[in-house]
Amino acid sequence: MSLQAQIIDKDGPTISAAAERVYGKPVRFAVLKGWSNYSCLQRTRETVAGLLGAVGHVSNSALADQLEQMKFGAAVHIDGYDYDSATLIPLLAWALRQHEDSRLSADRAAYPGVASNLEWALVSVSTQECLGESGCPVFELCKPAAARSVVAEADIVVTNHSMLAVQAATALPVVLGNSGLGDFQNIIVDEAHALPGTVRSQGQSQVSARRITKVIALVRRVLSDTDAGVKRWIDDGDAVATAVDDELRRRLKAAPFEPGDEVSVPGDVDPLNDTADLVISWAKRGDRLLANATADAESQSVKIAAKRARAEVTQLGSDVDAVREHFVGVARWWKRPAKFGGGHGRRESVSVTAAPVEVSRMIDRNVWTVVPSDEEDAEPMQLSVVAMSATLPTGFARDAAIRSQSREYESPFDARYGDSAFFAPRVISPAEVAALSAPGPRGGKPKFDTTKHAGWALPYMVDLVDANGGSALVLSSTVDAGKKYTESLREAARGRWRVLSQWDGANIRQIKADWEDDRTAVLVGTKTLMTGTDAPGETCSLVIVDRPPRARANPIDNARVEALAPNHGGKWGADRIVYAGDAATLLEQSVGRLIRSMSDSGLAAILDPRLVKSSPFAYPEATRDIYIHAVRRFDRKYSQLSKATEFLRERRAKTNQS
């Protein structure tokens with residue numbers, strides 16, 4: 001979202017003005033977002049009617065005033081959920097007033113408060129739920145439709161990876177090939193390294209008892225269980241949900257044990273062998289009931305609910321097929337609930353999920369290749385594609401179906417890296433080795449113990465922040481370690497500078513804004529802050545990463561390893577490409593927070609002694625090379641803390657004098 005805002009608010013006007021000087025005509029920019037990113041007046045008024053009763057022809061502003069003047073309890077109950085009235089009522093009032101002025105966008109990003117996804121769903125609809133121009137009584141006030149009209153007239157459309165990923169995963173012309181938006185000739189993907197991962201997330205299919213009960217709840221909003229056929233279908237659904245959960249539990253218990261909540265489904269196992277036909281048959285019956293009962297429905301709320309319910313019923317049948325069979329390039333896993341045992345009652349259900357991991361064909365076929373919208377029987381054509389990022393991984397071209405070789409350009413910030421420094425500590429003393437060690441197997445060489453790392457790294461962290469006088473971004477590989485760093489840094493600061501963290505309870509955008517506005521503040525966070533955090537100047541003159549953010553073993557990345565292994569030296573070579581490669585990309589993004597303008601400089605530190613060759617815990621050379629590549633732009637590299645703190649103090653003194 002911040003990158004979109006930068007393009008529209010800063011880069012776009014500059015480009016448009018330059019184009020007008022050269023060509024005599026400005027370039028028009030517009031942002032394309034998902035339909036549900038904008039509030040829907042029909043949905044909002046229905047939600048308000050659920051709280052106040054029939055609203056008739058009362059104006060939106062009057063309804064908003066009425067909401068704000070009423071005395072609600074701490075919680076309000078809507079559609080089976082309890083909502084905090086302190087956050088929901090302001091959201092509803094805001095959404096109503098957005099439709100009183102055609103100049104207001106009703107965009108979720110413009111909402112000044114905090115709204116959860118559940119709360120936002122009470123003021124918005126997806127394209128599947130939208131009644132469209134022919135069915136909606138207030139379509140002339142439709143904010144998402146108005147936004148699409150602006151996009152259709154634009155010369156350059158700005159969108160996000162999620163929109164492209166939906167198109168890649170579903171083959172629907174969400175962006176490219178969309179007749180309402182017109183034809184595109186060129187596509188530029190910024191931060192392109194993240195696109196394949198976003199496609200993997202959008203392509204997931206999941207089945208569980210909870211999913212089935214969700215479908216039942218959606219149908220009950222449309223159909224009355226006083227009808228015998230509906231009642232029988234609901235009762236059968238409860239039985240199907242129980243049968244599915246029983247089978248998933250039984251097969252999960254029989255699987256080889258894996259640590260963690262997500263457990264890979266063995267390749268020869270069909271997790272729904274006994275219940276798949278039951279689910280599909282039941283879902284088809286539900287679809288028929290919905291089609292028959294809503295054909296002549298007059299209520300707009302019933303029509304919206306029916307569209308959503310039918311979409312969920314249809315998707316459930318597709319997802320059952322997707323999770324049953326193993327294919328190389330597709331991950332499948334069970335999700336083990338926190339409480340795995342117990343009787344039927346209110347126990348948490350087991351889920352089974354499938355996700356594509358080899359997504360290059362999906363991207364190539366559904367995104368890079370389009371059919372012109374204004375030509376009948378036109379042949380598919382390849383778009384001109386520019387994929388760019390400061391951190392394109394080695395395998396990006398393969399993952400994103402890019403057929404050309406990547407090209408690396410000189411960074412305009414290279415001189416700033418020359419004025420900066422990098423620090424990774426060398427461990428020599430027996431005491432430090434012992435502080436980081438776990439006994440080796442059978443009394444052999446001690447091994448690096450990640451559970452001891454946070455305690456060992458803290459004194460280094462405190463000394464570096466102290467030498468810099470605050471003004472730091474501290475990035476942790478785990479939440480637990482990050483909270484520990486926050487507490488210790490606050491104690492060490494002794495009021496000399498503020499220490500903020502992403503766990504402070506406020507909106508993360510506000511926390512980042514508070515940090516950016518305070519020159520000496522320290523901000524602590526995890527992966528959330530490793531990308532997109534942008535604070536040029538002295539506020540971020542020290543970036544500390546505790547260790548490379550290598551992901552724990554997980555089904556998606558293991559499936560990527562399986563797909564790559566035959567052509568990359570077997571499992572170990574593929575494991576290095578996937579796990580170390582992803583960590584290195586995120587590591588480079590993290591240290592890149594240091595240099596954000598032509599006047600920036602400072603020190604980046606990775607407090608992992610395994611990065612130093614002479615360390616008794618050094619990474620294997622091939623892995624170390626991958627990580628060190630992330631800090632290649634730094635000419636000055638230190639492995640002694642005294643050198644790093646001296647650099648920071650000298651730099652700080654010069655900055656204070658200027």
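In this predicted model, Met388 has a relative accessible area of 40% and is therefore classed as partly exposed, the range between the cut-offs of 20% for buried and 50% for exposed residues. Met388 sits in the loop that links strand S12 (384–387) to helix H15 (396–399). Together with Ile188 and Val386, Met388 makes up a nonpolar patch on the surface. The accessible area of these three residues comes to about 280 Å² together.

Two residues other than glycine were found with positive phi values, Ala171 and Glu191. For Ala171 the angle is about 65 degrees. This residue, Ala171, belongs to the loop between helix H8 (161–170) and strand S5 (186–189). With a relative accessible area of 48%, Ala171 is partly exposed. Glu191 has a phi near 50 degrees and is placed in the loop between S5 and helix H9 (195–202). A relative accessible area of 30% makes Glu191 partly exposed as well.

Helix H13 covers residues 300–323, 24 residues in all. At 1.5 Å a residue, a span of 34 Å is expected for H13, and the C-alpha atoms at its two ends lie 35 Å apart, so the computed distance agrees with the expected one. Residues three or four places apart in an α-helix point the same way, because there are 3.6 residues a turn. The buried residues of H13 include Gln300, Ile304, Ala305, Ala306 and Ala309. Further along H13, Glu312, Val313, Leu316 and Gly317 are buried, and Asp319, Val320 and Val323 are also among the buried residues of this helix.

Terms used
Residues are numbered from 1 along each chain as its sequence is written. This is a predicted model: local features need pLDDT of at least 70, side-chain atom pairs count only at pLDDT 80 or more; totals for chains, interfaces and linings use all residues. Side-chain values use heavy atoms; hydrogens and water are left out. Helices (H or I, at least four residues) and strands (E, at least two) are DSSP runs, numbered from the N terminus. The expected span of a helix is 1.5 Å times one less than its number of residues. Buried means under 20% relative accessible area, exposed over 50%, partly exposed in between (1.4 Å probe, protein chains only). Patches are made of residues with over 30% relative accessible area and no salt bridge: like charges are joined within 9 Å, nonpolar side chains (Val, Leu, Ile, Met, Phe, Trp, Tyr) within 5 Å. Accessible areas come from the Shrake-Rupley method with a 1.4 Å probe; for residues, only the protein chains shown count as cover. A salt bridge is a side-chain nitrogen of Lys or Arg within 4 Å of a carboxyl oxygen of Asp or Glu.
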